[in-house]
Amino acid sequence: MYARSVGHGVRYWYAAMERALVRVLQRMLGIEFRQIGPVTDYYGPVAPYLIDLREVELRVREQRPCLLHDLLAVPVRG
């Protein structure tokens, strides 16, 4: 998904997530998700977050270089 997004000129992703998921992803990838709106109830408390895909690649390259190949791989359709 990352490689396709970048290949199509997408710079930002946004998602509504629970705070616990944000913490796990930040810890796993070393990437800071920026909360861009208030917490709301959508089958539980979620908030909208934004992430810059340029920062994703930079942080993964620095902190998790073994994931970089997988991050940049474009899946082959069968």
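Here is a walk through the strands and the largest pocket of this structure. Keep in mind that you're looking at a predicted model.

A good place to start is strand 4, which covers residues 45–52. Of its 8 residues, 6 are buried, so strand 4 is largely enclosed by the rest of the structure.

Now look at what pairs with strand 4. Strand 1 (residues 12–17) runs antiparallel to strand 4, and 6 bridges join the two. To find one of these contacts, pick out M17, whose bridge partner in strand 4 is A47. Strand 2, at residues 34–35, also pairs with strand 4 in the antiparallel sense, this time over 2 bridges. Here R34 has L50 as its bridge partner.

Strand 3 (residues 40–41) is antiparallel to strand 4 too, with 2 bridges between them. D41 is matched with P45. These two strands make a hairpin, with 3 residues sitting between them. Have a look at Y43 in that turn: its phi is positive, at about 55 degrees.

Next, the empty space. Rolling a probe the size of a water molecule over the atoms shows where such space is left. The largest pocket holds about 300 Å³. Its lining takes in 20 residues, and M1, Y2, W13, L29 and L71 are the ones nearest the centre. Helix 1, strand 1, helix 2, strand 4, helix 3 and helix 4 each give two or more residues to this lining. Strand 1 provides the largest share, with 4 residues. As for the character of the lining, 19 residues are nonpolar, 1 is charged and none is polar.

Definitions and conventions. Residues are numbered from 1 along each chain as its sequence is written. This is a predicted model: local features need pLDDT of at least 70, side-chain atom pairs count only at pLDDT 80 or more; totals for chains, interfaces and linings use all residues. Side-chain values use heavy atoms; hydrogens and water are left out. Buried means under 20% relative accessible area, exposed over 50%, partly exposed in between (1.4 Å probe, protein chains only). Two strands pair if DSSP finds at least two bridges between them. On a 1 Å grid over the protein atoms alone, a cavity is a set of points where a 1.4 Å probe fits but cannot get out, and a pocket is an open set with protein on both sides within 12 Å along at least five of seven lines; lining residues have an atom within 4 Å of a point. Grid points are joined across faces, edges and corners, and a volume is the space filled by probe spheres set on the points. Ala, Val, Leu, Ile, Met, Phe, Trp, Tyr, Cys and Pro count as nonpolar, Asp, Glu, Lys and Arg as charged, and the others, Gly among them, as polar.
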